[in-house]
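Student: Got a minute to go through this one with me? I'd like to start with the cysteines, so give me whatever cut-off we need up front.

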Amino acid sequence: MSIPSLDELRAIGAAQQPTYVDQSARDAAVQTLRKMPPLVFAGECDALRDRLADVARGEAFLLQGGDCAETFEGVTAENVRNKLRVLLSMAVVLTYAASVPVVKVGRLAGQYAKPRSSDTETRDGVTLPAYRGDAVNGFDFTPESRAHDPQRLVDVYNASAATLNLARAFTTGGYADLRQMHAWNTDFVKTSPVGQRYERIGAEIDRALAFMDAIGVDPDEFHTVDFFSSHEALIMEYEHALTRIDSRTEQPYDVSSHFVWIGERTRQLDGAHVELLSRIANPIGVKLGPTTTADDAIALYEKLNPDRIPGKVSFITRFGAGKIRDGLPNLVEKVTAAGIEVAWICDPMHGNTFETSNGYKTREFDDVIDEVRGFFEVHRALGTWPGGVHVELTGDDVTECVGGGAKLSAEDLTHRYETLCDPRLNRAQSLELAFLVAEMLAGRD
């Protein structure tokens, strides 16, 4: 399959793109990226596509999580380990409590660009370009920082390579061993009620492992985990430069990540994002908000996956807690009636954002849980499979989302509000979410 050129994609029109003043600097950055080795391999993308086909068939559950927007400053061993730790801990809870295989995908090693509702930001009478993520410009409110710089795309590649290197080392080098699960959260177990629940599961798993050890069973799956990367495919120059023809199959793959998705603001059927992603063999996701009609969803699926390859397309719904029960049933019903088997994933974050009276952008933990619960209710009522959750989270003890077991208030947000874009669940809230989702999966909710 041929890939349209960058000029052809620009002619089609792509929403939410940077505005580069210096075209030669932009072209030089693209040429540099074209020479870089792949960040992921086509065979790994195929393996994830097969796992997502299991999700679509109701035989596995997807856990996808990580930062709203990664930062170059955040590329440290501690930061990457903390994110992996919370995802692995959540996956253990889901796998054990719900007895279902969990596909683990990080929102990392590429999530450096963010769509914005406005191109500009005004402070004290000064208007500058909006911060669009470290892939495009800087967060500091100065003309120099906010200028769109194409060299940052090369920095994204280098930061992603470092992050993936760390993730691979942690997940295959002993850190992900199930016997280590107590060590992942020792500090947290002492102080949190959710931590104590987690420790009880850990003790049960230890007994099961001791039994298997006694009878001579020690599979590799206890020592390493399959872990995949993902990000929103937003900036055309970056994704196009990292799209390569696989030598085994002669198929094009976007080797920037195992799984890429199209956002709610860029899913125009005749737009450049859909066009480019319709040509690659990676598994891809599409964010669907409350304005999506069933006809939109079906048309997007047919465009992105005309051969109906299992696991190729996932629909990530982001309705908001107040709209999910009314908006989702018609979508699922009509897509299913069209004979489309797709992995349905719940993003309970993006439809539930609001601003507190003291000026912080936040989410209420109960709203996040209520959207997931509504997602499960709709799928159970229709006899379809609630295939996974897609959450913005961090492994750190930040205070960005209100509520949860610690009952964070708007006043608490002032303590550790560290995100540069959207509010994320902290470690305790993420594990609490995992326990609640596990109960829903096990049918006890």
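Tutor: Sure. A disulfide here is a pair of cysteine sulfur atoms within 2.5 Å. Keep in mind that this is a predicted model.

Student: OK, how far is the sulfur of cysteine 346 from the closest cysteine sulfur?

Tutor: The distance is 14 Å, and the partner is cysteine 401, so that is too far for a bond. Cysteine 346 also counts as buried, at 0% relative accessibility.

Student: How many disulfides does a search of the whole structure find?

Tutor: Zero. Cysteine 68 is in no disulfide either, and the nearest cysteine sulfur, in cysteine 421, is 4.3 Å away.

Student: Is cysteine 68 buried or exposed?

Tutor: Buried, with a relative accessible area of 0%.

Student: Let's zoom out. How many helices and strands are in the chain?

Tutor: You'll find 15 helices and 14 strands.

Student: And what's the radius of gyration of the chain?

Tutor: It comes to 21 Å. A compact globule of 445 residues would be near 22 Å, so the chain agrees with that. Along its principal axes, the C-alpha trace spans about 65 × 50 × 45 Å.

Student: What share of the residues counts as buried?

Tutor: That's 57% of the 445 residues. As for the accessible surface, the chain has about 17500 Å², and 50% of it belongs to carbon and sulfur atoms.

Student: Of the contacts between residues at least 6 apart in sequence, what percentage joins residues at least 24 apart?

Tutor: 75% of them. Serine 89 makes a nice example to look at.

Student: Where does serine 89 lie?

Tutor: In helix H4, which covers residues 77–98. Serine 89 counts as buried, at 0% relative accessibility.

Student: Which residues does serine 89 touch, leaving out those up to four places away in sequence?

Tutor: Trp184, Asn185, Tyr198 and Leu431. You can also compare serine 89 with glycine 202: they are 113 residues apart in sequence, while their C-alpha atoms are 9.9 Å apart in space.

Student: How far apart in space are glutamate 333 and aspartate 50?

Tutor: They are 24 Å apart, C-alpha to C-alpha, with their positions 283 residues apart in sequence. Glutamate 333 sits in helix H13, residues 324–337, and is partly exposed, with a relative accessible area of 47%.

Student: Switching to backbone angles. What sign does phi usually have?

Tutor: Most residues other than glycine have a negative phi. Two residues to check here are aspartate 124 and glutamate 250, each with a positive phi though neither is a glycine.

Student: What are the phi values for aspartate 124 and glutamate 250?

Tutor: About 50° for aspartate 124 and about 65° for glutamate 250.

Student: Where do aspartate 124 and glutamate 250 lie?

Tutor: Both are in loops between strands. Aspartate 124 is between strand E3 (120–123) and strand E4 (126–129), and glutamate 250 is between strand E6 (243–245) and strand E7 (252–254).

Student: Is aspartate 124 buried or exposed? And glutamate 250, buried or exposed?

Tutor: Aspartate 124 is exposed, with a relative accessible area of 82%. Glutamate 250 is exposed too, at 52%; the cut-off for exposed is over 50%.

Student: Last topic, charges. How far apart are the mean positions of the positive and negative ones?

Tutor: They are 1 Å apart, taken over 46 positive and 66 negative charges of the chain.

Key:
Residues are numbered from 1 along each chain as its sequence is written. This is a predicted model: local features need pLDDT of at least 70, side-chain atom pairs count only at pLDDT 80 or more; totals for chains, interfaces and linings use all residues. Side-chain values use heavy atoms; hydrogens and water are left out. Helices (H or I, at least four residues) and strands (E, at least two) are DSSP runs, numbered from the N terminus. The radius of gyration is taken over C-alpha atoms; the globule rule is 2.2 Å times the number of residues to the power 0.38. Buried means under 20% relative accessible area, exposed over 50%, partly exposed in between (1.4 Å probe, protein chains only). Contact means heavy atoms within 4.5 Å. Accessible areas come from the Shrake-Rupley method with a 1.4 Å probe; for residues, only the protein chains shown count as cover. Lys and Arg count as positive and Asp and Glu as negative; His and the chain ends are not counted. The place of a charge is taken as NZ of Lys, CZ of Arg, CG of Asp or CD of Glu.
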